[in-house]
Amino acid sequence: MKVYVTRKIPESGIKLLKDRGHEVQVSEKDGVLTEEELLSALSEKPYDAVLSLLTDKIDTKAFDAAPNAKIFANYAVGYNNIDIEEANKRGITVTNTPGILTNTVAEHTIALMLSITSRIAEGDRFTRAGKYDGWAPLLLLGTDLKDKTLGILGAGRIGQRVAHIASRGLGMKLCYYDVKQNREFESEYGAKFEVSVDSVLKVADVVTVHVPLLDSTKHLINKERLEMMKESAYLINSSRGPVIDESALVEVLRENKIKGAALDVFEDEPKLAEGLPECENVVITPHIASATEETRGKMSEMAAQNIIDFLEGKTPENKVV
Ligand code: DGY
């Protein structure tokens with residue numbers, strides 16, 4: 001069968017597909033395909049399956065361009081880049097890569113949190129710029145995390161793993177809000193369920209966001225909500241950029257209405273909101289929370305296995321629709 005892969009990914013998944021006898025075409029472009037390039041690539045051959053990335057817009061046009069492809073295997077746990085309703089209507093299977101990246105994303109989230117509260121990135125910039133002229137009692141003072149409250153918005157797999165590391169490793173207290181209350185999670189980590197997003201924002205010293213991007217979570221953290229946070233609090237986001245109103249965040253950071261933020265994702269990637277890079281009280285990484293050699297390799301294999309199973313008539317393990 002013919003499989004199209006929209007960008008170079010770790011070879012292990014490609015090998016799995018080829019070993020099963022599939023003909024695999026990987027995009028030769030060193031970068032994200034534009035919409036036009038994607039549609040033209042998809043219509044080049046009668047592909048039976050597509051391995052897509054979170055940077056590809058998979059909608060009616062893409063489905064039309066590859067009419068034989070009855071599976072789109074997304075190389076990500078998030079699948080907000082795919083029109084799920086349309087896929088469902090057309091009987092197209094969509095899969096994702098959950099689980100294997102949970103710990104990696106959680107570790108990156110903790111790294112972001114430590115980086116902003118211990119002023120790691122700022123200290124690095126300062127030192128490289130030759131500004132360090134000797135130890136000083138008041139130089140770049142940060143914030144301790146032990147006994148502080150971590151507020152988790154979205155206590156799914158990643159949120160829970162962050163909770164584990166933060167409470168067991170750093171001695172933080174936990175509170176959370178999720179559409180589903182999870183009593184097991186509460187008793188395991190002493191996490192306090194808050195009745196709303198607002199109440200988490202009001203009490204937490206660090207807020208970390210782990211919700212999927214849905215219509216209901218777009219701008220979940222808007223100006224009004226940012227202003228509910230303590231002036232001493234930090235905001236961390238390794239989920240999806242549009243969950244936070246990034247321009248509002250820039251305003252709040254500029255006015256020091258919160259202490260800082262650490263972001264791996266942005267509202268309009270790869271662009272950053274105007275003024276964001278100039279804020280000293282923010283740490284930014286380029287959507288690399290799942291980017292370890294181990295995890296990206298496993299994501300490649302999982303996406304490939306979803307395609308293999310589907311093409312062999314089985315239900316892929318990570319079927320979304
Ligand atoms: C995902 O899998 O959704 C991540 O954002 C990829 O890094």
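With which side chain does the side chain of Ser239 make a polar contact? In this predicted model, the partner is the side chain of Asn237, at 2.7 Å. Ser239 is placed in the loop that runs between strand β10 (234-237) and helix α11 (246-254). The relative accessibility of Ser239 is 10%, under the 20% limit, and the residue therefore counts as buried. Beyond residues up to four places away in sequence, Ser239 touches Val209, His210, Val211 and Val265.

The overall architecture was examined next. The chain contains 12 helices and 12 strands. Its radius of gyration is 21 Å, close to the 20 Å given by the globule rule for 321 residues, so the chain is as compact as a globular protein of that length. Taken along the principal axes, the box filled by the C-alpha atoms is roughly 65 × 50 × 35 Å. Of the 321 residues in the chain, 50% are buried. The accessible surface of the chain amounts to about 15,700 Å², and carbon and sulfur atoms contribute 50% of that surface. Among contacts in the chain with a separation of 6 or more, 61% are made by residues 24 or more positions apart.

A ligand is present in the model, and the residues around the ligand are Leu54, Ala76, Val77, Gly78, Leu101, Arg240, His287, Ser290 and Arg296. By character, this shell divides into four nonpolar, three polar and two charged residues. Oxygen atoms of the ligand are paired with both backbone and side-chain atoms of the protein. A backbone N or O atom of Val77 lies 2.6 Å from a ligand oxygen atom. In the side chain of Arg240, an N or O atom is 2.6 Å from an oxygen atom of the ligand. For His287, the corresponding distance between an N or O atom of the side chain and a ligand oxygen atom is 2.8 Å. The ligand taken alone exposes 240 Å², and the protein buries 92% of that area.

Arg296, one of the residues around the ligand, lies in helix α12 (residues 293-311). With a relative accessible area of 25%, which falls between the limits of 20% and 50%, Arg296 is partly exposed. The side chain of Arg296 makes a polar contact, at 2.8 Å, with the side chain of Ser290, which is also listed among the residues around the ligand. Not counting residues up to four places away in sequence, Arg296 touches Pro10, Tyr75, His287, Ile288, Ser290 and Ala291. Between Arg296 and Met228, which are 68 residues apart in sequence, the C-alpha to C-alpha distance is 37 Å.

Helix α12 also holds Leu311. Leu311 has a relative accessible area of 17% and is buried. When neighbours within four places in sequence are left aside, Leu311 is in contact with Met1, Val3, His22, Asp48 and Ala49. One of these residues, His22, is separated from Leu311 by 289 residues in sequence, while the C-alpha atoms of the pair are 9.6 Å apart in space.

The segment after α12 includes Lys319. At a relative accessibility of 41%, Lys319 counts as partly exposed. A polar atom of the Lys319 side chain lies 3.3 Å from the backbone oxygen of Val321. Lys319 further touches Thr93, Val94 and Thr95, with residues up to four places away in sequence not counted. The C-alpha atoms of Lys319 and Asp205 are 37 Å apart, and the two residues are 114 positions apart in sequence.

Strand β12 (residues 282-284) provides a further example of a buried position, namely Val282. The relative accessible area of Val282 is 5%. Apart from residues up to four places away in sequence, Val282 touches Ile116, Leu253, Ala261, Leu263 and Leu276. A separation of 9.3 Å is found between the C-alpha atoms of Val282 and Leu235, two residues that are 47 positions apart along the chain.

Definitions and conventions
Residues are numbered from 1 along each chain as its sequence is written. This is a predicted model: local features need pLDDT of at least 70, side-chain atom pairs count only at pLDDT 80 or more; totals for chains, interfaces and linings use all residues. Side-chain values use heavy atoms; hydrogens and water are left out. A residue is near a molecule or strand if one of its heavy atoms lies within 4 Å of it. A polar contact is a pair of N or O atoms within 3.5 Å; within protein, one must be able to donate a hydrogen and the other to accept it, and residues adjacent in sequence count only if both atoms are side-chain atoms. Accessible areas come from the Shrake-Rupley method with a 1.4 Å probe; for residues, only the protein chains shown count as cover. Ala, Val, Leu, Ile, Met, Phe, Trp, Tyr, Cys and Pro count as nonpolar, Asp, Glu, Lys and Arg as charged, and the others, Gly among them, as polar. Helices (H or I, at least four residues) and strands (E, at least two) are DSSP runs, numbered from the N terminus. The radius of gyration is taken over C-alpha atoms; the globule rule is 2.2 Å times the number of residues to the power 0.38. Buried means under 20% relative accessible area, exposed over 50%, partly exposed in between (1.4 Å probe, protein chains only). Contact means heavy atoms within 4.5 Å.
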